[in-house]
Amino acid sequence: MLLCDGCGTGWHTMCLQPPLQSIPRGDWLCPRCIADGVSVADLRALRRNQVPVPGQLLRGRHVPSFQDVVSRRRSQKLAAFEGRTVAHKERHGGHLRSRLGKVHYLGAGAGLKCFRVIFEDGSSMNMSRVEVQNRLMPEARSQV
């Protein structure tokens with residue numbers, strides 16, 4: 001098992017394309033980190049310039065206070081919902097009403113409900129990633 005020095009994920013040497021015959025010496029980056037534009041030089045510069053200090057506890061381990069590659073990748077995926085249109089259905093006075101709204105990403109620090117949806121009538125609601133995904137309108141019809 002080979003661990004990526006960028007994001008910490010584990011990789012079987014034989015599952016890589018092409019498979020590795022031996023464990024490489026020094027720093028190693030997985031295919032996902034390389035695809036995200038992370039280089040070994042970036043990793044070394046980060047280590048020189050930013051000394052991680054123990055941060056909050058997560059599953060009994062200290063998490064470094066600087067943002068790692070996995071967190072950055074997650075934030076990029078969530079930010080991709082910015083400006084998309086969602087349809088929110090709710091019961092109002094005994095009948096079902098549907099409202100359209102624009103999605104705004106609040107950032108990683110916003111917690112679970114990291115999106116604010118602003119509806120046509122000016123009202124807003126915070127939603128989680130799953131709530132936004134379940135209510136997304138097809139891109140071609142996303143007109144508010």
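Okay, let's start at a turn: in the hairpin of β7 and β8, with 4 residues between the strands, Gly 122 has a positive phi near 95°. When I say strand or helix, I mean DSSP runs numbered from the N terminus: helices are H or I with at least four residues, strands are E with at least two.

A quick word on where this comes from. This is a predicted model, where local features need pLDDT of at least 70 and side-chain atom pairs count only at pLDDT 80 or more, while totals for chains, interfaces and linings use all residues. Residues are numbered from 1 along each chain as its sequence is written, and side-chain values use heavy atoms, with hydrogens and water left out.

So, the sheet. What is the order of its strands? The order is β5-β6-β7-β8, an open sheet of 4 strands with antiparallel pairing. Two strands pair if DSSP finds at least two bridges between them. In general, strands of a sheet pair through backbone hydrogen bonds, either parallel or antiparallel. Here the edges are β5 (85-92) and β8, and each of those pairs on one side only.

Let's walk across from β6. Strands β6 and β7 run antiparallel and are joined by 5 bridges. Along that seam, Val 103 stands opposite Val 117 in β7, and His 104 has Arg 116 in β7 as its bridge partner. Next door, β7 and β8 also run antiparallel, with 4 bridges joining them. Arg 116 turns up again here, since its bridge partner in β8 is Asn 126.

Now look at the side chains. In a regular strand they alternate between the two faces of the sheet. You can see that along β7: Phe 115, Val 117 and Phe 119 point to one face and are buried, while Arg 116 and Ile 118 point to the other and are not. By buried I mean under 20% relative accessible area; exposed is over 50%, and partly exposed is in between, using a 1.4 Å probe and protein chains only.

Phe 115 brings us to the aromatic rings. A pair of rings is described by the distance of the centres and the angle of the planes. Rings of Phe, Tyr and Trp (its six-membered ring) pair if their centres lie within 6.5 Å; planes under 30 degrees apart count as stacked, over 60 as edge-to-face, and the rest as tilted. How many aromatic pairs does that rule give? The count is 2.

Why is the pair of Phe 81 and Phe 115 called edge-to-face? Because their planes are at 85°, with the ring centres 5.6 Å apart. Phe 81 is in the loop between α3 (69-79) and β5, and Phe 115 is in strand β7, so this pair ties together parts 34 residues apart in sequence. Both Phe 81 and Phe 115 are buried. Tyr 105 and Phe 115 make a tilted pair, 5.5 Å centre to centre with 45° between the planes. Tyr 105 is in strand β6 and Phe 115 in strand β7, so that pair ties together parts 10 residues apart. Tyr 105 is buried too, as is Phe 115. Put together, ring pairs link Phe 81, Tyr 105 and Phe 115 into a cluster.

On to the charges. A salt bridge here is a side-chain nitrogen of Lys or Arg within 4 Å of a carboxyl oxygen of Asp or Glu, and a search of the whole structure finds 4 of them. Glu 90 forms one with Arg 97, with the closest N and O atoms 2.9 Å apart. Arg 97 is partly exposed, at 28% relative accessibility. Glu 90 also pairs with Arg 99, at 3.5 Å between the closest N and O atoms.

Is Arg 99 buried or exposed? Arg 99 counts as buried, at 12% relative accessibility. Arg 99 also meets Asp 121 in a salt bridge, 3.5 Å from N to O. That one links distant parts of the chain: Arg 99 is in strand β6 (residues 95-105) and Asp 121 is in the loop between β7 (115-119) and β8 (124-127), 22 residues apart. Asp 121 is exposed, with a relative accessible area of 52%. Through shared partners, salt bridges join Glu 90, Arg 97, Arg 99 and Asp 121 into one network.
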